[in-house]
Amino acid sequence: MSATRFSESVTGSLSDGVLVVTIDNPPVNAVSAHVRQGLVKALDHAAALSMVVGVVITGAGRTFVGGADIKEFGKPPVEPTLPAVIERIEGYGKPVVAAVNGAALGGGCEIALACHGRIASDKASLGMPEVKLGIVPGAGGTQRLPRLIGTVAAIDLIGSGRTAKATEALSLGLVDGVAKDHLDAALSLVHDLAGEPLRRTGMLEVSTAEPAAVEAAAKKVLSKARGQVAPTEAVRLVKAAADIGLKHGLADERATFLRLRDSAESAALRHVFFAERSAGKVDKLDKVTPRKIETVGIVGTGLMGVGIAVAALTSGYRVIGIEQTAEAAEKGRERIAGILDKSVLSGRLAATVRDECLTRLEVTASAGELAAADLVIEAVFDDLTVKTELFQRLDSIIRQDTILATNTSYLNPDEIAAATTHPERVVGLHFFSPANIMRLVEVVDCKATAPDVLASALAFARRLGKLPVVCGVTEGFIGNRIFSAYRREAEFMVEDGAAPHEIDAALEAYGFPMGIFAVYDMAGLEIAWARRKRQAATRDPQARYVEIADRLCEAGRFGRKSGRGWYDYSSGDRAVDPEVTALVEAARVAKNITPRNYTSDEIIARLLKAMADEGAGLLAEGIAARSSDIDLVMINGYGFPAHKGGPMFAAATHEDARP
Ligand code: 3HC
């Protein structure tokens with residue numbers, strides 16, 4: 001076998017008369033300029049050698065090709081473009097087969113689509129996640145995929161941006177075969193195709209689809225788009241593939257790709273993409289090795305505890321749940337099994353996996369079992385005495401090297417840690433409910449937390465498939481502090497003249513799934529009321545305080561479950577309630593406030609500024625390490641629209657929010 005280097009990232013070796021071209025551009029084999037140049041040189045080389053019967057394209061490492069190089073976006077274009085490389089592959093005189101060794105995403109999937117055959121390894125996955133970056137595929141994906149797998153399946157894949165594993169790709173017709181030795185199978189396919197008329201994807205007809213099925217697929221995708229442009233455009237382009245020729249379809253796709261690539265929506269989503277990759281990176285942990293965690297103890301099997309238990313079980317951990325009585329333990333076990341059953345019913349979990357998870361679960365009333373745990377997470381009532389007493393008790397049960405995590409939302413974990421004999425092993429793991437679904441985990445680096453304990457907590461959260469964001473100790477951590485500032489400002493605005501439903505409408509038009517007052521009503525108003533009453537004695541008398549929520553509670557309006565809150569729900573839907581309007585007006589009169597009108601844009605600008613100011617405080621205090629972490633917390637924990645980039649990003653780019 002002889003090896004030739006075509007560029008810094010592309011090499012070729014001859015194997016049985018086939019040029020095997022390997023893309024090696026770590027970390028994800030993105031199609032950077034030198035990859036594109038190398039591929040063209042490799043094709044030139046193979047074309048010139050009569051002894052070469054065809055070409056196999058594959059990737060080095062775990063990825064086939066992770067897509068276009070996102071870091072090149074916004075920089076001057078470098079020839080050849082990806083569409084030009086892809087056109088060359090599709091029109092090539094000798095067979096070109098993709099040996100898809102791992103993820104083939106975006107431009108990587110488009111390269112595979114242009115080949116004359118595709119063999120996937122069992123570890124391969126294929127998809128076009130461009131809409132998640134606020135763009136559409138820009139190198140033929142919207143035009144070639146429907147030609148290969150039909151319009152309905154193409155709308156689903158491209159419109160949602162989801163990835164198909166090898167077996168699904170095979171059943172969709174996206175690949176021609178799945179093989180353990182994908183290279184060998186690809187070489188055989190080249191020989192089979194040599195001398196035969198080549199199946200060029202772009203030349204295929206789009207098979208006729210049921211209009212109702214097309215519309216249903218489009219509706220499904222767009223119902224989740226929350227006002228984003230890219231999914232709508234992606235669906236339009238895929239549908240158009242059936243009606244306009246390849247040339248026009250490709251031109252429309254490229255123009256749309258370039259337009260969206262320069263849009264604010266794409267800039268925001270790219271910011272989120274890179275923010276997610278930096279989250280949880282902590283300089284001081286560079287050389288720190290996390291402890292091994294295999295068995296997780298969870299104290300308390302309420303809503304939060306069972307959610308954490310399910311997440312841990314489905315990620316392969318052994319779980320020991322602790323309850324106060326045998327009866328409560330049995331109920332906890334049933335709740336955990338119930339969630340797993342539901343996942344099986346909805347098709348998210350195989351029945352065999354559920355059964356296997358249950359073999360790793362024990363729920364008991366004997367806390368002594370926790371001696372086997374490597375990590376113990378408390379998910380008990382959020383009360384300082386309850387938690388400190390529990391941790392003191394655990395001190396004498398668990399091993400020396402066991403990590404203790406508190407799931408408190410509002411208490412000071414430093415105080416909880418200080419009550420234990422080994423505060424260095426205490427860390428905060430603030431999950432969001434339901435913990436088996438929500439991706440966000442605030443990992444609280446307490447005053448005494450040892451570096452390897454923090455590293456272990458991060459590794460644990462990552463193995464759960466969560467998005468961990470590191471945070472210092474402060475009341476409410478990152479999320480609840482920003483949320484409090486947001487809530488405060490929304491209430492100030494109500495006093496100043498904006499109706500609650502106007503604020504909610506502005507937020508929903510901006511992309512929040514629900515406005516803040518509707519969220520209040522959904523969550524119930526009484527817990528926050530009780531907290532406000534507790535804090536009343538220590539509240540700064542000079543600080544502005546809006547009493548409207550207290551008045552609502554005094555009137556028995558506790559939100560949705562009581563049928564009335566900020567809105568009226570007696571008809572089943574949320575409706576503006578004149579009683580609330582009168583209450584708000586009375587509050588303004590009592591404070592001599594002359595109400596003014598707010599536009600939606602002003603509402604958003606004021607709320608963004610409040611969140612960004614609080615965020616700046618968190619950064620200055622060293623509670624958050626980077627402003628993009630704050631964005632991720634608000635996107636993943638509080639419904640902030642990802643396509644606006646998070647409050648810090650959005651405030652910096654929103655005209656009216658600038659100071
Ligand atoms: N371009 C540039 N850098 C990329 C990249 C890309 N397409 N994809 C990933 N990276 C970088 C990440 O920023 C990260 O960098 P860091 O180490 O400096 O933080 C590094 O590669 C590793 O990334 P992950 O941590 O995500 O690695 P994983 O192994 O967990 O996942 C992956 C690998 C599944 C390929 C994942 O990185 C991924 O989903 N990447 C994005 C895929 C994508 O969106 N492709 C479409 C691009 S747009 C396109 O192709 C347009 C075309 O139609 C013209």
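This passage describes a charged surface patch and the surroundings of selected residues in a predicted model.

At the surface, a positive patch is made up of Lys 71, Lys 75, Lys 281 and Arg 462. Of these residues, Arg 462 lies in helix H17, which spans residues 451–463. Arg 462 is classed as partly exposed because its relative accessibility is 43%, a value that falls between the limits of under 20% for buried residues and over 50% for exposed ones.

A contrasting environment is found at Ala 417, which belongs to helix H16, a segment formed by residues 413–418. With a relative accessibility of 3%, Ala 417 is counted as buried, since buried residues are those with under 20% relative accessible area. When neighbours within four places in sequence are set aside, Ala 417 makes contact with Pro 423 and Val 426. Along the chain, Ala 417 and Cys 446 are 29 residues apart, and in the model their C-alpha atoms are separated by 8.1 Å.

Ser 125 provides a further buried position, here within a strand, as this residue is part of strand E9, which comprises residues 125–127. The relative accessible area of Ser 125 is 16%, and the residue is therefore classed as buried. Beyond its neighbours within four places in sequence, Ser 125 is in contact with Gly 102, Ala 103 and Ala 104, and also with Thr 163, Ala 164 and Lys 165. The surroundings of this buried serine thus include residues 102, 103 and 104 as well as residues 163, 164 and 165.

Terms used: Residues are numbered from 1 along each chain as its sequence is written. This is a predicted model: local features need pLDDT of at least 70, side-chain atom pairs count only at pLDDT 80 or more; totals for chains, interfaces and linings use all residues. Side-chain values use heavy atoms; hydrogens and water are left out. Patches are made of residues with over 30% relative accessible area and no salt bridge: like charges are joined within 9 Å, nonpolar side chains (Val, Leu, Ile, Met, Phe, Trp, Tyr) within 5 Å. Accessible areas come from the Shrake-Rupley method with a 1.4 Å probe; for residues, only the protein chains shown count as cover. A salt bridge is a side-chain nitrogen of Lys or Arg within 4 Å of a carboxyl oxygen of Asp or Glu. Lys and Arg count as positive and Asp and Glu as negative; His and the chain ends are not counted. The place of a charge is taken as NZ of Lys, CZ of Arg, CG of Asp or CD of Glu. Helices (H or I, at least four residues) and strands (E, at least two) are DSSP runs, numbered from the N terminus. Buried means under 20% relative accessible area, exposed over 50%, partly exposed in between (1.4 Å probe, protein chains only). Contact means heavy atoms within 4.5 Å.
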